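Here are a few notes to read alongside the structure. Take them in order, with the view open beside you.

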Amino acid sequence: TITVTAVTDTKVYDGNTTSAGVPTITAGSLAAGDTVTWTQTFNNANVGVGKTLTPAGTVSDGNGGNNYTVTFVTDTTGVITVRALTITADAGQSKTYGNADPVFTYQITTGALVGGDILSGTLSRVAGENVGNYAITQGTLTAGANYTITFVSNDFTITTRSSSVTP
């Protein structure tokens with residue numbers, strides 16, 4: 001009889017439940033020449049502390065592992081931290097005085113979304129309708145609770161409207 005216990009692990013959110021930790025035998029022992037393959041997984045892929053790590057695996061003993069009774073013990077000290085993104089508002093965005101604002105555009109300049117994760121929401125800008133420069137802000141743009149966003153602004157420019165007068 002052996003007891004295999006998951007070990008603590010901390011990782012940055014990557015969209016999956018895999019753990020780099022390798023469970024250990026905490027009671028009992030292997031017979032000479034027998035080998036093991038242990039893995040462990042987080043209970044879910046989302047950011048959090050006190051996450052449950054669940055061990056699994058097999059014993060190679062020449063008898064399909066049947067020479068052992070294995071008890072697996074979870075660990076509740078797992079941590080998944082937020083994934084960092086830097087989002088930069090595109091430079092050169094503008095409109096002519098009196099026109100409606102365009103949809104503000106941006107790029108992910110550091111980091112990356114994982115799996116099927118998406119950005120939602122929109123950028124906004126400092127209020128004002130007179131000719132001049134206005135800072136583009138993060139607005140409601142988010143990637144969800146598994147990410148932290150550092151936002152880099154650029155100016156939005158309102159340019160003069162041309163007009164012609166005919167006498």
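Which residue in S10 is the bridge partner of Ile87?

1. A good place to start is that pairing: Ile87 has Ile108 in S10 as its bridge partner. Please keep in mind that this is a predicted model.

2. The pair belongs to a wider contact between strands. S8 and strand S10 (residues 106-110) run antiparallel and are joined by 4 bridges.

3. S8 also pairs with strand S13 (residues 147-152), this time in the parallel sense, over 6 bridges. To find this pairing in the view, look for Ala84, which stands opposite Thr148 in S13.

4. How covered is S8 itself? Strand S8 spans residues 83-89, and 5 of its 7 residues are buried, so "mostly covered" is a fair description, with buried meaning under 20% relative accessible area. For the protein as a whole, buried residues make up 31% of the 167 residues.

5. Now step back to the whole chain. The protein has 14 strands and 0 helices. Its radius of gyration is 27 Å, well over the 15 Å that the globule rule gives for 167 residues, so the protein is more spread out than a compact globule. Along the principal axes, the C-alpha trace spans about 105 × 25 × 15 Å.

6. On contacts: among those between residues at least 6 apart in sequence, 58% join residues at least 24 apart.

7. Finally, the surface and the charges. The accessible surface comes to about 9300 Å², and 53% of this belongs to carbon and sulfur atoms. The protein carries 6 positive and 10 negative charges, whose mean positions are 15 Å apart.

Definitions and conventions: Residues numbered from 1 in each chain as written. Predicted model: local features only at pLDDT ≥ 70, side-chain atom pairs only at ≥ 80, totals over all residues. Heavy atoms only, no water. Helix = DSSP H or I, 4+ residues; strand = E, 2+ residues; numbered from the N terminus. Rg over C-alpha atoms; globule rule 2.2 N^0.38 Å. Buried < 20%, exposed > 50% of the residue type's maximum accessible area, 1.4 Å probe, protein only. Contact = heavy atoms within 4.5 Å. Areas by Shrake-Rupley, 256 points an atom, 1.4 Å probe, with all protein chains shown as cover. Lys, Arg positive; Asp, Glu negative; His and termini not counted. Charge placed at Lys NZ, Arg CZ, Asp CG, Glu CD. Pairing = 2+ DSSP bridges.
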